[in-house]
Structures are given as C-alpha cells and as structure tokens.
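Work through the exercises below with the sequence and the model open. Try each task before reading its solution.

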Amino acid sequence: MLNRRYDTQDGYALVAKMDNVKNISLLMKSINFKETATCFGTENGLKVTVEDGKSIQANAFIQSDMFQEFSLSEDTVTFQINLTVFVECLNIFGPAHNPGTTTALKMCYEGYGHPLKILLEEGGVITDCSLKTQEPNEIMDFGFTNSNILNKIILRSECLKEVFSEIDASSDTIELFLSPDPPYFRITSISLTVESQVEIPKDSEMIESFQCTTVAISRYKYSHIKPSLKALALSTKVSIRTDDRGLLCFQYMIKTDDGYTCFVEYYVSILLYQ
Amino acid sequence: MKFRAKMIELLCIRQFTNIVTTIAKIAKMCTLRITPEKIYFIALDEKAIRGMPTLWCVLKQAHFFNEYNMVGVSETHNEIYLSFSPDMLAKPLNSLKPSPATKSVKIKLTNKQSPCLTIEIELPSSLSLTRQCVHDIPVSVIPRREWATYPEPEYQHFDIGARLPNLKLVKNVVERMKTMSPNIDISAGNGTFTLTIETDTVSVSTHFKGVLMENIEGKL
C-alpha cells in the first residue's frame, strides 16, 4: 500500500521512508517547545529548527542513513510546518501497545505550496495525513563558528540531568563558570531567595573532555534553558560550548532504540556577560 | 422494597468500578433499575448531559454478585427504580483502586433520613481485624407511574454495522485526533472503516482494512 500510493517519485521534492517512526517522533517531541518548525532537507538528511524569539534555537538533525530511503530532487528543500500537529500525526497510533510492532513512515513533499504528505502504517492499519506547509520564516544565524569558541566540555548526560533536576524551579538565572583552573566548571542557579552552586571538577568521571582556554562567566535565563531539558532527558552525552560573545550551545547526542545516533543542538543567547 | 448485593471477586469489583466510572463520564444523573435477574444503568436523552450519548447498560447480577437479594415494589412489579448521580457512586468505588486486597463490596438500599444506596467496603488491615468503610449515596426512588418513561431504546434501522477491529488502536487514533480537531468523520464500507479529521492545518484519515461489516440482523 505504501509503495503503490506514491510510487512515482518524480515530481516529489522530498521522499523519505523510515521503518520505525519512533526514531524521530521522540526527537521531534523533544524540540516541540514552539508550534512552528522549519525543515531543511539536504543530501545529509533532515534538519528541523525551532526558535523562540531571538534568544533560543533548537536544531534536530536526522541523518539520511536513519531513513531506509531518502531522496531529494533538488539540492535543498525548505518548508515550515506546524510541529505540534506533526508530532501528533507521528504518534497517531499511540505508544507501541504490542512489543514488536512498529509504525512505518513515509513522507513526501511535492514542493513549494504543497502539503507535506505523511503515510503511517502499523499492523495493516494506514493513516494518511496531509499537513499544510507554510512560507518558511528566516532562521537566525547565531554565527557560532569554531574559531570563536572559548570553551568546550563534553560530559555524560546523567550528570547534567541530575544538576538540572535539583535546580529550584523558581530560578530565573543560570550562571555558567568555566575556567582552566579550579573550580573548572560551576553551574549556579539564582532565584530571588535561593542561590545554589554545583561544581564539577575536570577530572570527574562524568567529564569526557575538558577544553577551556579562558575564564568565562556567563548568565542565561532559566526559562531559555528549560525547553532544552526534554532533549537532555533523551540524550546520553552532551557537549557544552560557549563562544567569545557568551553564546551557549548545547549539543545533545541521542541514541535511538534502533541504534542510530542523532543530534539536537540548542543555542541560548546570553543574558549578561561579565 | 429491599436491595442488598455483595461482590467478593476482585475482577468483578474492578469491572463494576470501570463500568460505573464510564457512566459517570457520560451522564450526570442516571437511573438504576433493579430486577431479580439483571441490573440496568439507564441514562436517556433528557437525563443525560446535552450532546452526550444516551446509555442503556444491562448487567447480569449473577456475574457480578456473590449474594443478591431484592424485593421489588410489589409482587407483580418486582422491580426497583432509583435515580442517582453516577459520579457519587464512582468515587467510593475508585477509592478502592489502590488497595487490591479489598475483601468485599456490599451495596444496599437503606433509609437513613432519606433513601440511600449504602456502599460498605471491607478492607484488610495489617492486624487480624478488618476495616470497614461506609459510603451513603442519596438516591431518589422513582415511583411506579414513571417507570414507563424508561423504555428500552429501540434499534432504528441501520444501514451498516462494522465490527471494530483493534479497539485499543482505534482509541489511540481517536485520542490523537481529538487533540487536533473537535469533529471527527466516521465512514465505513467495503470492509474499510475510516476515521477522518480536517482542520486548517492538517487533514488526517486512518483506514482500518478488512473490517467485518454486517447489517442490523447481525448477518455478515
């Protein structure tokens, strides 16, 4: 059925097939802190970007090898969709009720002005969705380049999950302190009444790599960091980078059930720089 | 007029609780009809919440109750009709959920200042003593002359009937669709059962294939 329906691949700007939709549905859910998302298709795969204001941006990368089939008629394809609805469509059959059954996915996009067609199949039941695409908004370019990066830490996600789970929910500011000398890495949460600090030494077994060149103290709004915690929860490793303007970039490495590795990148602009 | 029934089997208690909980979601007021063989939960048009489905639920008493005694209004009309709020019955039954060791649930018709359905729940404790929890649910007894206003709904002539395949999957699909649209289109024919929603942003349709279709006589 899946094959018969949209077999003629000519005429489609993008055709993507995946045997297990769960690989991307969790990923999409984790960046669904805003309703709209912009999708970019290149030969490397699909990038889904979500922004809130000019201060935060999340990018989820789905490599083309996660798809069993991935073809583009042009070099790049760009469209904007309602991510909330997209996530609902991907989860239409609900959580896997029978272990062993998976939902297969096929996505087709004909081109500018056309809807994104989504076909899902589970146990012989077929859902087809036609999701309207919108004029893509311009995506912010934070200009985060390697040459500007001051500090880079790679650590196991459990460590950061624990730190953030203990942070007072009423906190309004998070301060990151990074330094080549002790105390190396310190996360401070500041609220009206409480200020708490967590220090992670560079030889902690949670830290896989620690590259700090200068002392950097930067403050971020907790409400800007909070939306990224969903992606953090799924991840196994996280890289934290800051550049000379204090821009913060989390990169979460997420392993899917089927053994694929995908990444979610999350930029937070600075609140105050000292 | 007397009514007294006792449930012991945990499975029956659970099933009964689920039924009452579902009824509580559908109707604000509901009629309980008690006969020697069966009990009925009835929520018809004007008694149900507007726009909600009407409900006619028949339970065989022998399936649920280990003890069951009832004496109706008279010998010729050996039935009881009560009107009550199913939510009030659902709450005490649901309070049992955390304790799977419930020993028994008794339902009685009592007269405590006003007519009540009394629910007596027997729970074990860590000591040898048992605990007893009593809930009184006010009911009003429906007089004999109004019984005729609760007739069994007649089946209208249906064009088609579909035996739904995998109810859990149908439920999941409907629940997801509910978050996207307030209306859902249902169609069935040629062995396919289809659920469709249409909104400004998306149109979604789910097709269940190989569904058994029947007409109202139950012929496939």
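Three exercises follow, on the chain interface, the strand pairing and the domain interface.

The model is predicted: local features need pLDDT of at least 70, side-chain atom pairs count only at pLDDT 80 or more, and totals for chains, interfaces and linings use all residues. Residues are numbered from 1 along each chain as its sequence is written, chains are lettered from A and ligands numbered from 1 in the order in which they are written, and side-chain values use heavy atoms, with hydrogens and water left out.

**Exercise 1. Describe the interface of chain A and chain B.**

Step 1: count residues. Contact (heavy atoms within 4.5 Å) involves 20 residues of chain A and 20 residues of chain B.

Step 2: take the area. About 1,600 Å² is buried between the two chains, 58% of it on carbon and sulfur atoms. Buried area is the accessible area (1.4 Å probe) that two parts lose on being put together, summed over both.

Step 3: find the salt bridge (a side-chain nitrogen of Lys or Arg within 4 Å of a carboxyl oxygen of Asp or Glu). There is 1 between chain A and chain B. Glu88(A) pairs with Arg176(B), at 2.6 Å from N to O.

Step 4: assign the chain A side to elements. Helix 3 (83–90) and strand 9 (125–131) of chain A each supply at least two residues. Strand 9 of chain A has the largest share, 7 residues. Helices (H or I, at least four residues) and strands (E, at least two) are DSSP runs, numbered from the N terminus.

**Exercise 2. Which strand of chain B is joined to strand 9 of chain A, and in what direction does it run?**

Step 1: look for a partner. Strands pair if DSSP finds at least two bridges between them. Strand 14 (residues 202–208) of chain B is joined to strand 9 of chain A by 6 bridges, and the two run antiparallel.

Step 2: pick one bridge. Thr127(A) has Thr206(B) as its bridge partner.

**Exercise 3. Describe the interface of the two domains of chain A.**

Step 1: set the bounds. An automatic or database domain assignment divides chain A into domain 1 (2–131) and domain 2 (146–273). Their C-alpha centres lie 29 Å apart.

Step 2: count residues and area. Domain 1 of chain A gives 21 residues to the contact and domain 2 of chain A gives 19. Together they bury about 1,700 Å², 56% of it on carbon and sulfur atoms.

Step 3: find the salt bridge. The rule finds 1 across this interface. Lys22(A) and Asp257(A) form a salt bridge, their closest N and O atoms 2.9 Å apart.

Step 4: assign the domain 1 side. Helix 2 (22–30) and strand 4 (56–63) of chain A each supply at least two residues. Strand 4 of chain A gives the most, 7 residues.
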